[in-house]
Amino acid sequence: MSDQPTPTPPPPARDSPPPTAPPHPAPAHRLPTHTDSRPLLIISGPSGVGKTTITRAVERAIPGSVFSVSATTRAKTAADVEGVDYHFVDEPEFQRMIDDDEFLEHAGVFDKCYGTPRAWVFEQLRRGRLVILEIDVQGAQIVKAKVPDAFSLFIEPPSEDELLRRLRLRKREDDAKIQLRFAAAKAEIHTAHQCRIYNRFITNNLLEDAINEAIAAVSTELTRRKP
């Protein structure tokens with residue numbers, strides 16, 4: 001064995017950084033608004049059937065859901081909130097939006113125009129949100145032609161007599177206008193059953209039961225579509 005002392009390694013230079021562990025890959029960043037891939041959800045039904053109440057209940061019950069706010073030329077009422085219930089625009093602005101292809105679908109209903117903003121809907125779908133469209137049968141047919149994998153529900157009354165009773169209970173219009181809505185509602189129900197675009201029909205006999213049925217139907221579909 002050598003009698004020479006073991007040489008001592010020189011101290012590290014003062015400006016040398018301390019040794020570091022190998023870097024770990026950073027976790028993937030996921031925006032709070034991002035969720036698993038979800039379909040476009042269409043909810044339709046005639047005036048007075050309770051579809052807006054059911055739609056809002058589905059939105060509250062399903063995490064990551066967003067309600068698509070339509071543009072309309074109808075007058076804003078005292079109960080309406082801009083950007084929550086509708087985007088209220090005048091007829092020239094609505095026509096400009098049509099000309100610029102800003103709508104996923106649009107339609108005229110009782111001399112008023114309604115349209116679904118295209119860019120907002122597809123941005124929310126890209127983020128993985130469940131986008132809920134509350135639109136009539138005419139609009140639903142257009143959307144299903146463009147987005148065939150959309151999931152669609154139709155809310156219907158237990159009977160025509162009950163629908164007419166509910167329209168009168170709203171006390172928003174005179175009887176002549178109520179009869180016009182009633183005739184349009186019967187035609188819409190007939191078309192909904194004939195056009196074969198709806199995945200499920202829900203009868204709103206008792207509101208709470210209809211809400212639970214709609215939430216269950218959407219939840220089941222989301223589970224089915226999970227990768």
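The exercises below, each with a worked solution, concern helix packing, cysteines and backbone angles in a predicted model.

**Exercise 1.** Determine how α1 and α7 are oriented to one another, and which residues make their contact.

*Solution.* Two packed helices are described by the angle between their axes and the distance between the axes. For α1, which spans residues 51-61, and α7, which spans residues 207-225, the angle is about 50° and the axes lie 9 Å apart. Angles under 35 degrees would count as roughly parallel and those from 65 to 115 as roughly perpendicular, so α1 is oblique to α7. The handedness of the crossing of these two helices is right-handed. On the α1 side the contact is formed by T53, I54, A57, V58 and A61, which meet L207, A210, I211, A214, I215 and V218 of α7. Sorted by class, the residues of this contact comprise 10 nonpolar, one polar and no charged.

**Exercise 2.** Carry out the analysis for α5 and α6, and classify the residues of their contact.

*Solution.* Helix α5 (residues 160-170) packs against helix α6 (residues 175-195) at an angle of about 140°, with 10 Å between their axes. Since roughly antiparallel requires an angle over 145 degrees, α5 is classed as oblique to α6. The crossing in which α5 passes α6 is right-handed. From α5 the contact draws on E160, L163, L164, L167, R168 and R170, while α6 contributes D175, I178, Q179, R181, F182, A185, K186 and I189. Divided by class, these residues of the contact of α5 with α6 are seven nonpolar, one polar and six charged.

**Exercise 3.** State how many disulfides the structure holds, and decide whether C113 and C195 are buried, partly exposed or exposed.

*Solution.* A disulfide is a covalent bond between the sulfur atoms of two cysteines. The structure holds zero disulfides. Turning to accessibility, the cut-off for buried is under 20% relative accessible area. C195, at 18%, is therefore buried, whereas C113, with a relative accessible area of 27%, is partly exposed.

**Exercise 4.** For D101 and R196, find the value of phi, the loop in which each residue lies, and the exposure class.

*Solution.* Begin with D101, a residue other than glycine whose phi is nevertheless positive, near 55°. D101 is placed in the loop between α2 (91-99) and β5 (103-109), and its relative accessible area of 49% makes it partly exposed, given that exposed requires a value over 50%. R196, likewise a residue other than glycine, has a positive phi near 60°. The loop that holds R196 runs between α6 and β9 (200-203), and with a relative accessible area of 77% R196 is exposed.

Technical notes
Residues are numbered from 1 along each chain as its sequence is written. This is a predicted model: local features need pLDDT of at least 70, side-chain atom pairs count only at pLDDT 80 or more; totals for chains, interfaces and linings use all residues. Side-chain values use heavy atoms; hydrogens and water are left out. Axes are lines fitted to C-alpha atoms, for helices over the stretch in contact, and angles run from 0 to 180 degrees between N-to-C directions. Helices (H or I, at least four residues) and strands (E, at least two) are DSSP runs, numbered from the N terminus. A crossing is left-handed if the near helix is turned anticlockwise from the far one by less than a right angle, and right-handed if clockwise. Contact means heavy atoms within 4.5 Å. Ala, Val, Leu, Ile, Met, Phe, Trp, Tyr, Cys and Pro count as nonpolar, Asp, Glu, Lys and Arg as charged, and the others, Gly among them, as polar. A disulfide is a pair of cysteine sulfur atoms within 2.5 Å. Buried means under 20% relative accessible area, exposed over 50%, partly exposed in between (1.4 Å probe, protein chains only).
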